[in-house]
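This report introduces a structure to a reader who has not met it before. It treats a pair of helices, the surroundings of a ligand and the arrangement of domains.

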Amino acid sequence: MENTTQETSLPPRLGGEKQGKILIVGFGPGDADQMTFRARAAIAEAEVVIGYTTYIKLVRDLLDGKKVIKKGMTEEIDRCVEAWETAKQGKVVALISSGDGGVYGMAGPTYEVLFQHGWTPDSAITVEVVPGTTALNSCASLVGAPLTHDFCSISLSDLLTPWPTIRKRIDAVGSADFVIGLYNPKSGRRTGQIVEAQRILLQHRAATTPVAIVKSAYRRRQQIQITTLDHMADCEIGMLTTVLIGNSSSYVQEGLLITPRGYGNKYNELTGDAKVGEQAGRSLSMGLEGWHGCMRRWLDDGNGSSWEKITAYFDAPLGEVLTAVAGATDEEPAGDYHAVRVPSEQLEPLLAILPSWGRLRAVVRAPAGAVSELLLNGDQLSRKGDWLNCVSDAFHLHIHWSEVDHAFLARRGEKSMGIHLLNGAGALVFRLLLVRDGEAFNAKARTAFDQYWQGLNTHD
Ligand SMILES: C[S@@+](CC[C@H](N)C(=O)[O-])C[C@H]1O[C@@H](n2cnc3c(N)ncnc32)[C@H](O)[C@@H]1O
């Protein structure tokens with residue numbers, strides 16, 4: 001798609017005729033004091049106001065002398081069509097939406113309907129989205145400071161979104177440790193979604209993760225419950241509830257849900273001075289530039305064990321750990337861990353070299369946790385299309401070779417050495433480890449392995 005830069009000028013008005021206008025007005029959580037000046041002015045400017053019956057009630061004080069069109073809950077598209085038809089008659093029409101019209105609101109469907117009718121931003125009918133305070137913000141403001149770090153929102157409504165899509169999103173943000181705001185968590189008919197969301201999130205987060213449940217924020221029946229993830233689904237939750245789920249650092253103090261901004265990572269709480277190794281105004285020592293150094297120091301301090309345990313400790317893909325190790329120097333070693341990257345273009349020639357490494361242990365890990373280890377010789381591996389196969393009387397091994405993006409030769413002192421073949425995201429597809437002959441590695445295999453390593457270093 002082309003990049004475009006737009007000047008914000010008003011569209012041309014033709015022949016002095018009165019032109020229609022659609023204002024998509026977010027009026028905030030529902031309390032008059034929480035409405036913006038612009039939202040109030042937009043409703044005042046409108047000749048026709050269209051909205052869901054309950055929303056119309058919430059702004060009734062602003063509707064004197066206006067034509068009001070009330071619609072039911074499932075009549076969103078009707079509201080948009082009505083707005084378009086009304087604006088075509090040269091009228092100014094306000095489509096009102098709770099919170100912000102652009103957040104699970106009327107803005108998207110309105111533009112979709114307008115485009116279907118051939119509207120473009122240059123058309124005579126103007127469109128303005130008037131922002132409002134969305135439920136995520138208004139609910140957060142009532143329970144402390146839950147959104148002070150990275151957060152996202154997910155709607156649990158499967159009326160228009162397939163459940164597999166919703167499930168995948170819950171799983172992804174759960175594992176990425178976002179604070180989560182759940183919109184549309186439950187209704188009279190949809191009672192199982194919040195239970196499923198809880199089940200998925202408990203796979204990633206502690207049962208004690210704090211949760212705030214805010215019902216009817218800034219409205220007459222406002223209700224706040226502070227609970228934990230394992231009790232979330234047992235709480236009173238309805239159509240007008242937003243559920244805020246903390247991240248792994250969030251905590252409850254004095255009944256308030258707080259997500260730390262991260263100052264504690266850098267500054268001493270008592271003195272306000274930067275902690276050892278940190279500098280005010282600079283990225284953390286665990287920032288983009290520094291965290292590979294942190295991993296190396298940690299390994300050099302003798303903390304390491306298996307590659308899997310290291311990746312679990314740093315919660316990083318194996319590719320990141322191996323990149324950090326490959327960056328080790330004499331001045332900044334990574335203990336007895338060493339690695340060198342095998343670039344993508346070297347993968348095909350590598351297959352021809354494997355037979356010289358003697359007996360190998362192939363390690364394949366299934367995502368759900370099963371680990372298979374097979375003994376084979378490099379010349380038993382053969383390519384067929386996208387697959388790398390090893391077929392013997394004892395086993396069949398099929399590796400999806402086109403998944404392999406790059407590799408690292410790696411060793412831990414004299415304990416273990418081999419090659420890790422990784423996908424584009426740095427996750428392990430499989431690894432081949434040299435096998436010992438009693439106490440030591442086979443001398444011929446070891447020499448071939450070392451020569452290949454030196455060749456890669458020279459290549460660099
Ligand atoms: C269709 S969405 C509309 C969201 C709205 N456009 C916004 O920006 O807040 C409806 C959901 O918003 C949330 N919500 C809206 N108003 C709320 C309020 N006053 N208190 C708590 N949650 C609210 C609830 O999760 C509800 O199920």
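In this predicted model, helix α6 (residues 163-175) and helix α7 (residues 193-202) approach each other until their axes come within 9 Å, and the two axes cross at roughly 35 degrees. The crossing of α6 past α7 is right-handed. On the side of α6, the contact is made by Arg167, Ile170, Asp171 and Gly174, while α7 contributes Ala197, Ile200 and Leu201. By character, the residues of this contact between α6 and α7 comprise four nonpolar, one polar and two charged.

The domain assignment of the protein gives three entries, listed below with their bounds.

| Domain | Residues |
|---|---|
| domain 1 | 21-133 |
| domain 2 | 136-258 |
| domain 3 | 297-459 |

Taken over C-alpha atoms, the centres of domain 2 and domain 3 are separated by 42 Å.

The ligand is surrounded by 23 residues, of which Gly99, Val103, Thr134, Ala135 and Ala217 are the closest. Which domains supply at least three residues each to the shell around the ligand? Both domain 1 (21-133) and domain 2 (136-258) do so. Among the secondary-structure elements, α5 (135-143) and β11 (241-245) each provide at least two residues of the shell. In composition, the shell around the ligand holds 11 nonpolar, 10 polar and two charged residues.

Technical notes:
Residues are numbered from 1 along each chain as its sequence is written. This is a predicted model: local features need pLDDT of at least 70, side-chain atom pairs count only at pLDDT 80 or more; totals for chains, interfaces and linings use all residues. Axes are lines fitted to C-alpha atoms, for helices over the stretch in contact, and angles run from 0 to 180 degrees between N-to-C directions. Helices (H or I, at least four residues) and strands (E, at least two) are DSSP runs, numbered from the N terminus. A crossing is left-handed if the near helix is turned anticlockwise from the far one by less than a right angle, and right-handed if clockwise. Two residues are in contact if their C-beta atoms, placed from the backbone, lie within 7 Å. Ala, Val, Leu, Ile, Met, Phe, Trp, Tyr, Cys and Pro count as nonpolar, Asp, Glu, Lys and Arg as charged, and the others, Gly among them, as polar. A residue is near a molecule or strand if its C-beta atom, placed from the backbone, lies within 6 Å of it. Domain bounds come from an automatic or database domain assignment.
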